[in-house]
Each structure stands twice: as structure tokens, then as C-alpha cells.
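Notebook open. I want to look up the sheet, then the ligand shell, then the confidence values.

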Amino acid sequence: MLTYSGEGRDISTKVGVKTLVQNAELSMRAKRIEGKLTMRWVKVILLSMTTVMAAHGAVTKAVFGTTPDGKTVDIYTLKSDLVEARIMTYGARIVSIKTADRNGKIADVVLGYSALDGYLADSSTYFGAVVGRYGNRIANGSFKIDGHEYHVPINNNGQSLHGGLLGFDKLVWQAHEVAGGVEMTLVSPDGDQGYPGKLTAHVRYSLLHGALRIDYSVSTDKTTVVNLTNHTYFNLAGDGAGTILGEELTLPADHYTPVTPVLIPTGELPSVEGTPFDFRKSTVIGARIHDSNEQLKIAGGYDHNWVLRGNNGEPKTAARVYDPQSGRVLTVTTTEPGVQFYSGNFLDGTKFGKAGESHVKNSGLCLETQHFPDSPNHPSFPTTLLKPGETRHSTTTFTFSTHAK
Ligand code: GLA
């Protein structure tokens with residue numbers, strides 16, 4: 001800090017009027033210089049702060065609400081030069097992502113609620129949440145590890161969905177600020193929702209320019225199964241701006257996992273060639289969603305896992321969405337082997353959003369990067385087993401940009 005210590009130092013009762021005037025002038029001049037220098041430093045500091053903020057994103061924290069059992073829920077705001085993302089500790093959920101369209105108009109491109117109450121009252125959409133311990137379904141809520149059969153809650157058509165009745169989406173995570181982001185931690189005790197092992201999960205969100213990166217890391221003290229993902233619903237035209245059926249999707253995947261009528265993978269990995277599941281070239285989502293296709297009928301639209309090219313653990317593109325209206329583009333990259341493209345088929349308009357708009361069918365889409373659904377019962381799928389002493393890491397990045405007309 002700049003300091004100036006000369007002011008008034010020589011003034012005493014013995015000095016004459018002239019000296020006093022001189023001193024006053026000197027003092028004023030010094031103040032002006034001090035002011036100029038201070039301003040210069042303020043500018044330098046502000047400029048360097050802005051540069052750091054633009055690169056890494058500035059982070060602020062506030063209280064979002066309180067759960068019925070008295071837990072405080074905090075919300076972190078991550079800001080970069082291109083994106084503002086808000087993430088709360090209830091379910092480690094993404095609450096909003098604001099970014100500009102091709103004309104610079106800002107909109108919130110994820111579905112959600114304006115207050116905690118909306119999230120607490122909604123047990124079925126998983127808006128913005130980290131889902132776990134097991135994202136998507138486990139057939140009949142049972143699986144075996146080393147010959148021992150485990151039972152987890154059945155909460156969806158006779159199957160276990162998204163970790164059970166009290167999954168990671170409905171728990172308050174511990175959080176602390178990290179460079180350009182926030183890290184959320186949850187310790188799930190041995191036997192939680194029927195799953196073996198005390199599981200420690202860290203989910204770190206960080207923002208760099210247009211990219212919101214999610215780093216997952218999990219470890220256990222007993223062999224278990226785990227499949228974490230993020231269940232954000234995107235609508236690149238903005239939350240409440242109609243459906244996603246006019247948005248264009250690319251999924252660089254040659255195969256997908258078809259499902260039985262209860263949305264459990266059959267185990268086959270057919271080619272997408274010649275089916276409405278072929279998104280290898282950018283295709284309007286609504287173009288084939290009503291085709292008479294058995295798989296689309298079963299799910300009421302798209303709600304399937306695509307097998308991504310490249311190896312499990314290596315970064316790869318999982319999806320690209322383009323909204324021709326706004327020009328916004330979302331690119332999803334991941335180290336996971338699959339992505340669940342869910343076209344918001346179960347949204348039924350009964351739930352109200354941030355501005356009071358209702359979330360109608362297809363008003364948002366999810367791109368849940370993941371291991372395949374029901375992997376514990378399909379030994380041929382990439383394994384979701386996690387053993388003591390191992391730490392499994394995975395990374396998914398949502399990058400926002402715009403495309404000219
Ligand atoms: C996932 C599932 C869907 C549905 C949603 C939540 O995407 O695959 O079937 O359960 O979550 O409503």
C-alpha cells in the first residue's frame with residue numbers, strides 16, 4: 001500500500017502564518033500526488049484482478065436456504081469473462097448458467113427453480129444434481145459383488161434409479177472454495193441406501209472462460225459400485241423459452257444401449273446406422289423423435305446411453321448441441337465411456353421454474369456422462385466396481401460458445 005507520512009509534521013505553535021500557508025499548500029499538493037498515485041495503484045490492482053477473474057473465474061458464496069432438518073444450503077457463484085454459473089450445496093447442483101447468445105443477449109440456459117423450496121419439493125427431475133451412488137438404473141435394485149447379493153431401493157418401475165430414495169441429489173454436501181471454483185465433498189456411510197462401503201466423493205466445479213469443468217473423484221473402504229454424473233437440463237434458448245426439439249445435436253457414437261420396457265439395457269450394443277439414434281452428423285432433435293421406433297416408444301423419446309468412441313478414461317467429445325435461434329453452442333467432453341441423452345420426456349408441465357414458467361415435456365435435455373446403466377449386472381460393460389485403495393477420477397466439461405448464422 002502507498003502511504004504518505006509528511007502531512008502536518010512540521011506544524012507547531014511557534015511557526016509563522018507564512019510557514020503555515022506553505023505547509024498547507026505543501027500538504028494539499030502532497031494529497032493530490034497521493035490521490036493520483038493511489039488511483040494509479042487502484043487501477044493496476046483492479047486490472048490485474050479482472051485479468052485473474054477472467055482467466056479463472058471469481059467465486060462468491062451466499063446462503064441459498066435451509067433444509068427442513070435445519071441444514072444451511074450455500075450457493076457459490078462462479079464468474080468468468082463468458083459465463084456465470086451458480087452451484088449449491090444441496091445435491092451439489094448447478095442452479096443456473098448464464099451466457100450470451102450470438103448477439104450478446106444473456107440467458108440462463110439450465111432448468112431449475114429460483115428458491116431452495118422448489119428443489120426440496122421436487123423428487124423426480126434431479127434438476128442440476130450430482131446423482132449417485134449410481135446414476136441411472138440398476139435392474140430390480142439388486143447386484144452381486146464377490147458372490148454377495150446387495151439390494152438397493154426400488155424407486156422406479158420395479159428398478160433402482162439414481163441411487164435410491166435418498167440419493168446424493170438430496171443431500172447437503174460440504175463445500176470449500178478452490179481456484180476459480182468450488183469443491184463439494186460427501187461421505188456416504190457404509191450401507192447407505194444398501195450400497196456397501198463408506199464412499200467419499202469429491203466433485204469439483206471450476207470455470208475457465210466458457211468452460212465449466214466437473215472433476216469427480218471417489219474412493220471407498222469396501223468393494224462397491226459407483227457411477228456419478230450430473231443431471232443438468234440444458235435449453236440453449238433459455239429456461240422457459242420453449243422446447244429443445246429445434247436444437248441440433250451431434251453425438252459421436254456408433255453404438256448405443258437399447259433398453260427393455262422398464263428402461264434397463266438389454267446388453268446389446270447395436271449400431272446406430274439407419275436409426276433415429278444416429279446423431280453422428282448434427283441433426284435436429286425433433287426430426288425423428290416421433291418416428292415409429294420401438295425404442296423411442298418405450299422411452300417416450302430419447303432416454304438412452306450412447307457408447308462413446310475412444311477409451312474409458314480418455315478425454316473425448318461426448319456431445320455438441322447447437323441452437324440455431326440463439327446461436328449458442330454447448331460442447332460436452334468427458335473421460336466417461338458413455339452419455340445418457342435424455343430429451344426431458346418425463347417433464348410434464350406441473351413444475352414451475354425460475355420465472356414461473358412451467359417445465360413442459362422436452363423443455364430441457366440432459367447429457368449425463370456416465371458408465372452404462374445397470375453395469376453391475378452386465379459384466380461385458382466397462383466396470384463400475386471400485387475397490388479399497390483405488391481412487392477413481394473422471395472429468396466432464398460443458399463448454400459454451402456461439403456460432404454465427
Ligand atoms: C434419467 C433417466 C430418465 C429419468 C430422468 C429423471 O435421465 O434415464 O429415465 O428418470 O433421469 O427424470
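**Sheet.** I traced an open sheet of five strands, ordered β17-β25-β24-β21-β19, with antiparallel pairing. Which strands stand at the edges? I found β17 and β19 (253-257) there. Each has a single partner strand, so one side of each lacks a neighbour in the sheet. The model is a predicted one, and I read the entries below with that in mind.

**Pairings.** I went through the bridges next. β17 covers residues 233-234 and pairs with β25 over two bridges, antiparallel. Tyrosine 233 sits opposite cysteine 366 of β25. On to β24 and β25: they run antiparallel and are joined by five bridges. There I noted phenylalanine 341, whose bridge partner in β25 is leucine 367. At the β19 end, I checked β21 (residues 303-308), which pairs with β19 in the antiparallel sense through four bridges. Histidine 255 has valine 307 of β21 as its bridge partner.

**Burial of β25.** Are the residues of β25 buried or exposed? I get six of six buried, so the strand is largely enclosed by the rest of the structure. I then split the strand by face. Leu365, Leu367 and Thr369 lie on one side, and Cys366, Glu368 and Gln370 on the other. Both faces are covered.

**Ligand shell.** I listed the residues around the ligand: Ser124, Thr125, Tyr126, Asn136, Leu161, Leu263, Asp303, Gln340, Tyr342, Phe346, Cys366 and Glu368. Which elements give two or more residues to this shell? They are β24 (338-342) and β25 (365-370). How do the shell residues divide by type? I count six nonpolar, four polar and two charged. Back to β25 for a cross-check: Cys366 and Glu368 are in the shell, and both are buried on one side of that strand. Cysteine 366 is also the residue facing tyrosine 233 across the β17 pairing.

**Confidence.** I looked up pLDDT last. The mean for the protein chain is 89, and 86% of its residues reach 70 or more. Residues 1-24 fall below 50, and this stretch has 13 contacts in the model beyond near neighbours in sequence. I logged a further low stretch, residues 44-54, where pLDDT stays under 50. For residues 44-54 the model has four contacts beyond four places in sequence.

Key
Residues are numbered from 1 along each chain as its sequence is written. This is a predicted model: local features need pLDDT of at least 70, side-chain atom pairs count only at pLDDT 80 or more; totals for chains, interfaces and linings use all residues. A residue is near a molecule or strand if its C-beta atom, placed from the backbone, lies within 6 Å of it. Ala, Val, Leu, Ile, Met, Phe, Trp, Tyr, Cys and Pro count as nonpolar, Asp, Glu, Lys and Arg as charged, and the others, Gly among them, as polar. A residue is buried if 20 or more other C-beta atoms lie within 10 Å of its own, exposed if 12 or fewer, and partly exposed in between; C-beta atoms are placed from the backbone. Two strands pair if DSSP finds at least two bridges between them. pLDDT is the predictor's confidence in each residue, from 0 to 100. Two residues are in contact if their C-beta atoms, placed from the backbone, lie within 7 Å.
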